[in-house]
Amino acid sequence: MQRVIAKAGKDKKVRNFYPGLFADELEEAPSETGIVKVYTQDKHFLGIGYYDPKSRVAVRVYRFDDGPLDKKFFLQRFGRAREKRAKLDPFHRLLHAEADGLPGLVVDRFGGVLVVQVRNRAMEALRETWLPALIEAAQPVGIYERSDMDSRRQEGLPEKVGAIYGKVPQVLEVQEDGLVFSIPLDLAQKTGYYLDQRENRRLLEQMAQPGQRVLDVYSYVGGFALRAARKGAYAMAVDKDLDALGVLDRTASRLGLRVDIRQGDAVEVLERLAWSKTPPFQQVLLDPPALVKKPDELPRVKRLLVDLLRPALRLLAPEGWLWLSSCAYYLGVDELLEVTRRAAADEGRRLRVHAIRYNPSDHPWSLHVPESLYLKTAIFQDDPL
Ligand SMILES: C[S@@+](CC[C@H](N)C(=O)[O-])C[C@H]1O[C@@H](n2cnc3c(N)ncnc32)[C@H](O)[C@@H]1O
């Protein structure tokens, strides 16, 4: 097997279970792409990885003990991921990339159907080994691939979208605590459904009261809005994606619930609502897409969030609850607090921080991989003196 040698000092990353080394962190690299043993400068073994100089991260480390990257290895990883989710219902993230020991692979489970994303060159190259292991470990009815994310383009890989195993329905049936969404796979965002907000949606349902007004901004198929409506609240949903709003509308009619739907750009819709003297909302939820992909985009995105928060605060009832999420790694809790403080100052509102919430357990946050903490939600309450 070929080998790579980490530069002095950089070996610490791998010793501490970080699964990647950049090209400039290597003292010695092999001539060919493929599976490698990773060593320190003084020939101490660190792990087994995949070397590809065309990848953004030249070495992806898959195991920290010595052994092959064969079907048995992948079966162990998938088996461990399943064990950790044994208590969850069959709609969850089954494998969360490096946080589950497989950098570059995401698997979401929707009942019998799995949706996979292959995000790096190493997992693409090892596809013939991990795919049979995934089938054996999870026994799905079908597997759909949705590899069309930005990280794949950065790796120089083409998009891959479509069924790759078994029977895949055209419409994904997603169940969540009694809500059933029928989401056409070819129109869906990401892997089809935002499983990562499930626990926040549950919390909203506990907090919402009959007769309250709830504003679900960046609603996608309206997971928050429908739960609020189910509690007897008036719910309004805002999103720019007409297909997602169509799913929301059909789901609401099927359940006999009413959700007021506004299609358009969130900032524009909120500005219009605020100017039209719409009655205030007791709950305002802001769950934007991953707005920041690189640190240098932060100043622009923070300004956008302040522009979003200002009308949102004008629409917030006294003592109402404001929820602000970020699913972008670079937009952390400090930034969420900062933009909310700036907008609150502009609007003359006083808020208290009620809670900060993170990725749920089926999207694990590994201490050793800071990037695996990507979802943060700050819940504020208007707190007049
Ligand atoms: C993270 S998802 C929201 C997930 C949703 N809250 C849930 O619980 O399923 C972000 C949503 O923002 C929408 N979106 C993106 N840019 C937008 C914009 N400028 N205005 C309104 N919606 C937008 C996307 O269509 C997507 O549905």
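Among contacts in the chain between residues at least 6 apart in sequence, what percentage join residues at least 24 apart? For this chain, it's 62%. Keep in mind as we go that this is a predicted model.

Okay, the overall picture. We've got 11 helices and 20 strands in the chain. The radius of gyration comes out at 23 Å, close to the 21 Å that the globule rule gives for 385 residues, so the chain is as compact as a globular protein of that length. If you take the principal axes, the C-alpha atoms fill a box of roughly 70 × 45 × 35 Å. And of those 385 residues, 44% are buried.

Now the domains. The chain is divided into domain 1, residues 2–63, then domain 2, 71–169, and domain 3, 182–382. The C-alpha centres of domain 2 and domain 3 sit 28 Å apart. In the contact between those two, domain 2 puts in 16 residues and domain 3 puts in 12 residues. On the domain 2 side, the elements giving two or more residues are strands S7 (91–96), S8 (105–110), S9 (113–118) and S10 (142–147). Which of these gives the most? That's S7, with four residues. Sorted by class, the domain 2 side of this contact has six nonpolar, three polar and seven charged residues.

Let's go to domain 1 for a minute, and to Leu 46, in strand S5, which covers residues 45–51. Is Leu 46 buried or exposed? Leu 46 has 22 C-beta neighbours inside 10 Å, and the cut-off for buried is 20 or more, so it counts as buried. Setting aside neighbours within four places in sequence, Leu 46 is in contact with Ala 6, Asp 11, Val 14, Arg 15, Val 38, Tyr 39 and Thr 40. There's also Lys 12, which is 34 residues from Leu 46 in sequence but 9.4 Å away in space, C-alpha to C-alpha.

While we're here, have a look at Phe 17. You'll find Phe 17 in the loop between helix H1 (11–15) and strand S2 (20–21). Its phi is near 65 degrees, which is a positive value in a residue other than glycine. With 15 C-beta neighbours inside 10 Å, Phe 17 counts as partly exposed.

Asp 177 is another one of these. Its phi is positive too, near 45 degrees, and again this is not a glycine. Asp 177 is in the loop between S12 and S13. With 13 other C-beta atoms within 10 Å, Asp 177 is partly exposed.

On to domain 3, and a couple of helices. Start with H6, residues 198–207. The buried residues in H6 are Arg 198, Asn 200, Arg 201 and Leu 204. Look down the axis of H6 and those buried residues fall within an arc of 165 degrees, so they line one face of the helix. What covers them? The cover includes strands S12 (171–176), S17 (281–286), S19 (351–358) and S20 (376–382), along with helix H7.

The other helix is H8, residues 242–255. At 1.5 Å a residue, its 14 residues should span 20 Å, and the end C-alpha atoms are 20 Å apart, which agrees. Buried in H8 are Ala 244, Leu 245, Val 247, Leu 248, Thr 251 and Ala 252. Down the axis, the buried residues of H8 fall within an arc of 155 degrees, so these line one face as well. If you want the background, an α-helix has 3.6 residues a turn, so residues three or four places apart point the same way. On the other side of H8, Leu 242, Ser 253 and Arg 254 are exposed.

So what do the buried residues of H8 pack against? They pack against strand S13 (179–184), helix H7 (223–230), strand S15 (234–239) and strand S16 (259–263). Right after H8 you get Gly 256, with a positive phi near 70 degrees.

Last stop is Tyr 234, in strand S15. Tyr 234 has 19 other C-beta atoms within 10 Å, and buried takes 20 or more, so Tyr 234 is partly exposed. Tyr 234 and Ala 208 are 26 residues apart along the chain, and their C-alpha atoms are separated by 9.9 Å.

That's what I had.

Conventions
Residues numbered from 1 in each chain as written. Predicted model: local features only at pLDDT ≥ 70, side-chain atom pairs only at ≥ 80, totals over all residues. Expected span 1.5 Å × (residues − 1). Buried ≥ 20, exposed ≤ 12 C-beta atoms within 10 Å, placed from the backbone. Arc of directions from axis to C-beta. Contact = placed C-beta atoms within 7 Å. Domains from an automatic or database assignment. Nonpolar A, V, L, I, M, F, W, Y, C, P; charged D, E, K, R; others polar. Rg over C-alpha atoms; globule rule 2.2 N^0.38 Å.
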